[in-house]
Structure formats: C-alpha cells, structure tokens
Amino acid sequence: MDALRVQLSSGSLTSSVAASSLLSQPRPPFSSLQFGRVGSSPAVGSVSANETCTADELHYVPVPNSDWRAALWRYLPSPKAPKRKHPLLLLSGIASNAFTYDLSPECSFARSMSGSGFDTWILELRGAGLSSLNVDTVTGKESRTNEQQIVSGLLENVINVSERMEKVFDEGFKFLGLQDRLSKRVGDFKQRLEVFPRYNWDFDNYLEEDIPSAMEYVRTQTKPEDGKLLAIGHSMGGMLLYAMLSRCGLKGMDSGLASVTTIASTLEYSSSGTLLKYLLPMAKPAQALNVSALPIDTMLEMAHPLICRPPYALSWLTTNISAPQMMDPEVIEKLVLNSLCPVPAKLLYQLATSVDKGGLRDRTGSFYYKDHISTTNVPILALAGDWDIVCPPDAVYETVKLIPEHLATYKVFGSPGGPHYGHQDIISGRTNKKLGKQLSVRSFTAYIIKQPLFCSGNIVGHSAWWSMDALRVQLSSGSLTSSVVASSLLSQPRPPFSSLQLGRVGSSPAVGSVSAKETCTADELHYVPVPNSDWRAALWRYLPSPKAPKRKHPLLLLSGIASNAFTYDLSPECSFARFMSGSGFDTWILELRGAGLSSLNAESRKDEQQIVSDLLENVINVSERMENVLDEGFKFLGLQDRLSKRVGDFKQRLEVIPRYNWDFDNYLEEDIPSAMEYVRTQTKPEDGKLLAIGHSMGGMLFYALLSRCGLKGIDSGLASVTTIASTLDYSSSGTLLKYLLPMAKPAQALNVSALPIDTMLEMAHPLICRPPYALSWLTTNISAPQMMEPEVIEKLVLNSLCPVPAKLLYQLATSVDKGGLRDRTGSFYYKDHISTTNVPILALAGDWDIVCPPDAVYETVKLIPEHLATYKVFGSPGGPHYGHQDIISGRTARSETYPLIIQFLQRHDQS
C-alpha cells in the first residue's frame with residue numbers, strides 16, 4: 001500500500017482512460033468557420049499561404065460556369081529527395097478539405113510526399129476549405145431567404161431544446177456547455193447563410209469543371225514533359241478519379257494522368273455492408289425541405305462535446321472513420337473540428353446512386369461509371385482498410401475487379417492481430433508513415449521508371465501483394481472479407497432468453513425453491529424473502545466441482561446497478577461463476593429485488609403506468625414520422641416494429657414499476673442480510689462466514705457493509721471481500737457517473753419510480769450494433785476495444801439489465817459529491833468508517849474503465865488498513881486494456897484476472 005501511495009502521488013498511477021487525452025487537448029488555432037470563404041475573391045494564382053493554410057504556397061483557380069475559385073495547397077518538393085517527373089495531385093472525400101492530408105506535422109501525408117520529392121498539390125473543390133466565392137454577385141433577390149429561415153430555424157430549435165434539457169437534467173447536461181456553444185455557432189452560421197443558395201452543384205460538376213481546371217493549372221505551374229500528373233484520391237476523391245478514367249476511356253481521350261491511387265474508394269456499394277447505405281438517403285429529406293446544403297461542419301462543431309466527453313454519445317463518429325488506437329486523440333479532434341465543410345444536397349443525391357445496383361450514375365441517370373472503367377489505360381493502385389465500414393474491402397473490390405488486370409494493384413491493409421485500418425487510417429493512422437507512404441511512393445516510382453514492382457507474392461516491407469487472379473480466388477473462397485468490427489454482431493442469433501423475464505410479476509415461487517427455470521443457467525435457483533417488502537430475491541447456485549479441492553466457505557457474488565446474474569455468467573466460455581464453482585467454491589449469485597428472476601406480487605399504480613406508457617408511445621410516433629421523412633435511411637433499423645412489440649411487452653410489466661421504491665440502504669439493510677443468512681443455512685460453514693465478490697455497485701454494497709459493521713464493532717459475517725471496479729467516492733475522478741447519476745432528478749420530478757433501462761436498451765439495440773452505430777458508445781463504456789466478443793456484448797446489452805429505482809439512483813448520486821456516498825439521511829459518509837474494518841479486501845480496477853477509473857478505486861483503498869488491503873490495476877500500455885466489465889468477462893480474464901482472485905480467495909478460505 002505504501003508503494004501504491006507513492007505511485008499515486010508521483011502521478012504514475014492514473015486512470016488511463018482512452019479519452020482523457022482528448023479532454024486535455026487545447027483547441028486548434030484555426031476553425032472550420034474559415035472554410036468556404038465569403039467575400040472578395042483572392043487573385044487567381046495567389047501564392048501567399050494564409051494563417052490557416054499549412055502548405056508552402058496557396059493558389060487559386062477559377063471554376064468554369066460558376067463564381068467559385070478552387071484552392072490549391074502546394075507543398076514544394078524537398079531538394080534532398082530524388083527529382084520526380086510528374087507533379088502529384090491529391091483529392092479529398094466528401095465534406096472534406098485539405099486537412100485530410102495534412103492534419104499535423106507528425107501526421108501529414110502531403111509532407112511525406114513532398115519530402116519524397118513530389119511536387120504535391122491538394123485540391124480543395126468549390127465549397128471546401130479555402131475555396132472562395134464572391135457573394136457580391138448574389139443579390140438580395142437571388143438569395144434564398146426561405147432556405148436561410150429553414151436552416152436558421154432548425155439551429156434555433158436546437159438551442160431551445162438544449163435550454164429545456166438543461167432545466168430538466170440540471171448538472172447532468174450543463175457539463176456539455178451546449179447552450180453557449182450552440183448560441184455562438186448559430187450566430188456564426190447565420191453570417192454564412194448567404195453562401196448556401198450557391199451550393200447547387202453535383203458530382204458531375206466536380207468532374208467536368210473543378211478537376212479539369214485544377215489539373216490544367218498544375219500543369220501550367222509545373223510543366224511536366226509529357227503533360228501528365230500523378231493522382232491520389234481518398235473516398236469521394238477516388239471516385240472522381242475513377243469516373244474521369246471511365247469517361248476518358250470510353251471516349252478514347254487522354255485523361256492526363258500518369259497513374260491513379262485510390263484510397264477507400266469504389267464506384268459501387270450495392271453489394272457491401274457500407275455505412276453509406278444508411279446515410280446517403282438523407283439527401284431525400286434535404287431536397288424535400290428545399291435546403292441546398294447540409295451544414296455538416298457546423299453540426300459537428302456543436303456536437304463536439306458529445307464526441308469527446310462522457311458519456312461519448314456521438315463517439316461512433318470517430319469509430320466510423322478510424323479503427324481503435326490508430327489515430328491519436330488530438331488528431332481525431334482536429335479532424336472533427338477543422339476538416340469538414342457543408343455538403344450540397346444535389347451532390348449527396350447523385351452519390352446516393354452508388355449504393356444502388358449498378359453503382360454511381362451521372363446526373364441523367366443513364367450512364368453507369370463502373371461499366372466503362374475497363375476502358376482505361378492508366379495504372380491504378382487501389383487501397384482498402386480491413387475495418388473500414390464506410391468503404392469496406394469488398395466494396396473496393398467491386399470496382400477493382402473490372403480494371404484490366406495488368407493495370408490493377410489491390411491491397412487490403414490490416415491483419416487479424418492488428419493493426420487494423422479504418423476509413424482515414426491509411427492516410428492518418430499511427431502506422432501510415434511506415435506503410436502508406438512506402439506503398440504510394442513505390443507505386444509512383446515504379447510507373448515513372450517503367451519497372452514492374454507488384455506481382456503475386458511480392459513482399460514490400462511488411463505487406464504482401466497479390467495478383468488479381470489470386471485476389472479473385474480469395475474473394476470467391478470467402479477468405480477476403482471486409483472484416484468490419486460489427487459484422488459478427490449482426491450475424492449473431494438473438495439469445496434464447498430476453499430481458500423481459502427480469503423482475504417477474506405474478507404468483508411468487510416458493511421460498512427455497514431449487515428448480516432452475518429456463519432462463520437460469522445455474523445448477524439451482526433459490527428464492528429468499530426480502531424483509532419489509534413483497535419482493536423475493538433470487539439466488540443462482542453453482543455447485544462445486546467434485547474434482548476440485550473442497551472449500552470451507554461458500555462464495556457470494558453481487559452484481560452492479562441495473563444488472564442481474566448474467567454479469568457473472570454470460571456464456572459457457574465466459575462464465576466467472578462456472579470458473580469459481582469449477583475451482584471448488586459453492587458459488588451463489590444474488591439477484592437483488594427488481595433484478596433478474598427476483599419476484600413480486602404487485603398491484604398497479606395507474607398514473608405511473610400512464611406516464612411511462614405515454615413516453616414509449618411517443619417514441620413510437622417519433623419513429624413513424626422519421627421513417628416517413630428519412631425513407632430507407634431509417635427504416636433499416638426496424639424501429640417501428642421493435643418499439644411496438646416492446647411497448648406491448650412493457651405494459652404487461654408496468655404493475656411492477658410503482659413498487660420500485662427502494663434505495664441503496666434498503667439493499668444494505670434487507671436484501672443482503674437475508675441472502676447471507678439463507679446461504680449460511682444452506683451451506684453451513686463452520687465459522688458461519690462467507691467469501692464475497694462485488695462488481696461495481698455490488699462492491700460498494702460490501703464496502704458499506706464493512707463500514708457499518710466496523711463502526712458498530714459487530715461481525716460482518718464475511719471472511720474476505722473482493723471488489724471489482726468499485727469505490728465509495730468518485731468526487732475526485734473523471735468518472736462517467738458524474739454525468740449520468742444526475743438523471744435521478746428529472747425522474748423524481750416526473751414522479752416516475754424507476755427508469756426502464758432494460759426496455760430502452762432493447763429498443764435501442766439496432767443503434768448499438770448496426771450502422772451508423774449511433775449508440776455504440778454504450779459498449780465502449782463497459783469494455784475496452786477487442787476485449788469482449790461481439791456476441792457476448794450483445795447478450796450483455798439484451799439480457800443482463802433491469803429497471804433502476806429513482807430513489808436508488810438519487811442516493812448513489814451522492815458518491816460523486818465531496819466526501820462520497822452517504823446514507824439516506826445524508827449525514828453518514830460510508831468511506832469515513834471503512835478504516836474500522838477487520839476483513840481482508842482485494843480491490844481490482846481496469847486501466848481503461850471510465851465508469852470507475854483506477855484513481856476512483858484508490859480513493860477507497862487508501863483508507864483501508866494496509867495489512868488488510870491488496871490493490872491491483874489490470875492493463876498495460878501496450879495492451880490488453882480493461883474496461884468496466886472486462887475483469888469479469890474480457891477475453892484475457894480467464895488467464896489474467898481469475899487466477900489472482902482464486903489465489904486471494906484460497907488465502908482467506910480458512911476457519
């Protein structure tokens with residue numbers, strides 16, 4: 001313990017939360033407000049780089065048939081590098097600017113290319129980045145006042161919603177700082193509304209006007225001998241290059257390109273599981289509302305706190321562009337805040353054809369670009385990322401397979417053991433300098449010096465290259481797949497039991513019943529009455545293995561808030577309870593009143609039933625309206641049917657909800673003592689003691705029990721206690737609970753006894769495990785990346801939760817205040833008396849636990865008598881990392897955490 005205190009004071013023991021560096025990063029010195037300039041246009045060919053531009057020179061070129069001037073960022077070739085014959089043109093994706101290729105000095109694809117000798121140019125298409133429009137040409141009559149009003153009104157409504165939510169959620173929402181942020185952003189946005197009516201172009205406009213004029217300008221400036229350019233396109237940038245090759249090939253024209261590299265690009269998404277299938281249909285409601293452009297940059301700026309602060313409600317935006325641990329947090333933040341721009345509805349509408357059969361079409365709808373890619377005579381390098389859910393490898397291959405084989409080179413980055421590559425990672429990932437730069441530079445060099453470089457089995461650095469024939473064999477055999485993280489989630493069958501079985505209503509089972517019900521996976525299922533209530537707690541019993549050493553004490557397991565027995569028994573391969581019984585312990589899991597298979601004969605309270613029922617019915621109505629507006633973009637979620645069924649199921653359980661009227665002290669004074677006495681009666685340990693393990697709130701309950709018993713000088717009845725991710729005081733830590741526990745106040749204000757967390761998560765399930773993963777942050781808050789199998793996470797979400805009483809939540813909220821958890825009177829601080837205990841305690845924490853970080857766990861541990869306390873933080877800088885549930889259910893728990901717990905239990909399993 002002394003060593004631990006030294007570690008904490010020296011700063012070497014920290015919570016190591018993945019997002020902590022995001023919160024500490026200063027705001028970049030430039031803002032996305034600078035993108036899509038309004039005002040007097042700069043001179044064509046201007047080479048003075050302004051404060052936002054990080055290139056060596058900033059040039060402008062007029063876009064034909066428009067008042068726009070595209071921006072060209074130029075990075076001069078290093079004089080120390082080999083001299084290159086062709087300039088290099090880089091194109092970004094939809095809604096992106098030049099920062100796609102130049103996010104920071106340490107993460108600059110453009111600088112890498114110029115450092116390798118290429119005269120590198122990034123084209124910012126009209127409306128993106130520093131492209132410029134002289135709005136003096138737009139008269140007041142020409143500006144679309146009605147559109148300004150629509151978009152302005154939309155953002156004003158967000159302000160109003162924010163204000164109302166702040167009044168309801170009190171500190172639980174104010175931490176986001178949304179009101180001030182939104183007010184400022186609406187003011188800034190109104191100044192830019194005059195530009196929006198001029199966002200009236202589509203994909204073909206880029207192809208016919210922006211790119212040819214930019215290429216001609218670069219040729220004029222660089223004067224390559226053969227008049228050709230090398231080109232790289234990311235995402236939509238690659239689509240534009242593909243489309244240009246298709247058009248030129250069909251017409252027999254020279255494209256002016258010496259080679260093309262596409263990154264995460266394709267002309268057809270129809271057969272892949274791309275995220276775009278669910279986002280591109282958003283173009284329809286934009287057109288229906290007569291809005292020219294979607295202000296993606298403004299919306300993300302407003303949403304920034306929800307992306308990089310707990311509870312990370314929009315963190316799925318980052319996981320959709322980058323694989324876990326592949327981009328530094330400050331780089332992701334810079335990408336979100338500074339690399340985006342508005343998107344024209346016409347552009348989005350044309351791009352939506354790429355998810356239809358046949359792929360991307362021209363504006364007439366009759367010309368399919370991929371049908372003519374086979375006519376090209378330009379060498380193409382096509383790169384994909386194994387964890388890219390925007391443009392998965394199978395989508396990339398849909399275009400690559402049509403390219404003449406002698407011209408096509410295809411590579412999927414990523415390996416089963418990592419690193420993995422998301423949509424942005426080939427350009428900006430941690431390993432891009434070692435792999436991405438090497439591949440691109442060698443591909444250009446190979447073309448320039450006319451030497452074959454890529455062939456079947458040829459190894460370049462750490463990467464294997466394959467011929468097209470070999471790739472087709474792999475694809476047909478199923479060995480080449482998109483490897484998207486969530487794919488296994490989507491393919492998993494629904495578990496055979498449902499959270500609807502939790503908190504039973506009806507005739508109570510007999511006390512002491514030992515018949516295991518269909519939902520219970522234990523050897524026996526017992527019931528024990530809870531004093532001063534109509535509830536009966538459930539006890540799942542796992543009989544000790546006859547082959548294991550005989551133990552002296554039974555083992556009692558206690559789950560966290562809103563959790564049931566599945567916390568400890570999610571599957572045969574991931575069962576903490578089975579492991580303990582297999583090691584010889586007579587293992588019991590207590591399901592507190594209201595959780596799991598606990599049972600109640602209840603009378604209904606009609607007013608509360610109506611409140612909760614109306615709430616869910618309103619969700620149904622919202623879902624129906626959204627389906628009408630968003631068309632296929634929302635129907636894929638299947639929310640209407642799911643919600644309808646869940647409302648019907650939930651109404652059958654409403655009679656239970658009014659009886660959710662207990663707090664933390666009720667558990668401590670009634671549920672736990674009665675359960676402990678029942679287990680003692682059944683197992684008859686010689687000294688009458690039990691071994692105990694508590695996860696999250698379960699550990700808090702055992703801490704509180706030891707505090708009360710120690711203060712009163714009475715025997716707790718426990719031989720040892722193991723707490724997992726538990727503390728009595730969160731006040732000094734960056735816990736997620738600081739932002740969730742204040743939810744108790746609106747629940748009390750609405751006179752709702754309990755929050756139906758299980759029902760809400762069941763309804764939200766499609767948003768958790770299907771694109772666009774809008775609620776995927778729920779899983780990242782309980783488990784570190786790659787630490788729990790997808791089917792285990794799904795089972796946890798669907799089957800291990802239950803309603804939470806508002807009174808319980810309200811008392812637990814005191815744990816984030818100074819002094820920590822208090823009793824219901826508010827005068828007794830539990831942590832003040834933990835030093836009086838005489839029971840050995842093992843306290844375990846996970847390095848990536850943002851619910852109960854290691855520093856929060858230590859706040860209680862440091863008060864325990866040193867000779868009784870053992871403290872361990874699981875996780876290491878290079879991984880594996882441990883989230884809130886991982887010590888129990890993580891992939892490495894059986895080999896790392898279970899043996900330590902067994903060792904501690906054995907040491908104290910004595911009379």
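**Exercise 1. What share of the 911 residues of the chain count as buried?**

Before starting, note that this is a predicted model, where local features need pLDDT of at least 70, side-chain atom pairs count only at pLDDT 80 or more, and totals for chains, interfaces and linings use all residues. Residues are numbered from 1 along each chain as its sequence is written, and side-chain values use heavy atoms, with hydrogens and water left out.

Step 1: take the cut-offs, with buried meaning under 20% relative accessible area, exposed over 50% and partly exposed in between (1.4 Å probe, protein chains only).
Step 2: apply them, and 61% of the 911 residues count as buried.

**Exercise 2. Find how the rings of Y568 and F576 are arranged.**

Step 1: rings of Phe, Tyr and Trp (its six-membered ring) pair if their centres lie within 6.5 Å; planes under 30 degrees apart are stacked, over 60 edge-to-face and the rest tilted.
Step 2: searching the whole structure gives 24 aromatic pairs.
Step 3: Y568 and F576 have ring centres 5.6 Å apart and planes at 45 degrees, so this pair is tilted.
Step 4: check the surroundings, and both Y568 and F576 turn out to be buried.
Step 5: for a cluster, look at W68, Y199, W201 and Y206, which form one together.

**Exercise 3. Find which residue lies over the face of F413, and which over that of F874.**

Step 1: a charge sits over a ring if NZ of Lys or CZ of Arg is within 6 Å of the ring centre and within 35 degrees of the ring normal.
Step 2: for F413 the answer is K411, at 5.7 Å from the ring centre.
Step 3: for F874 the answer is K872, at 5.5 Å from the ring centre.
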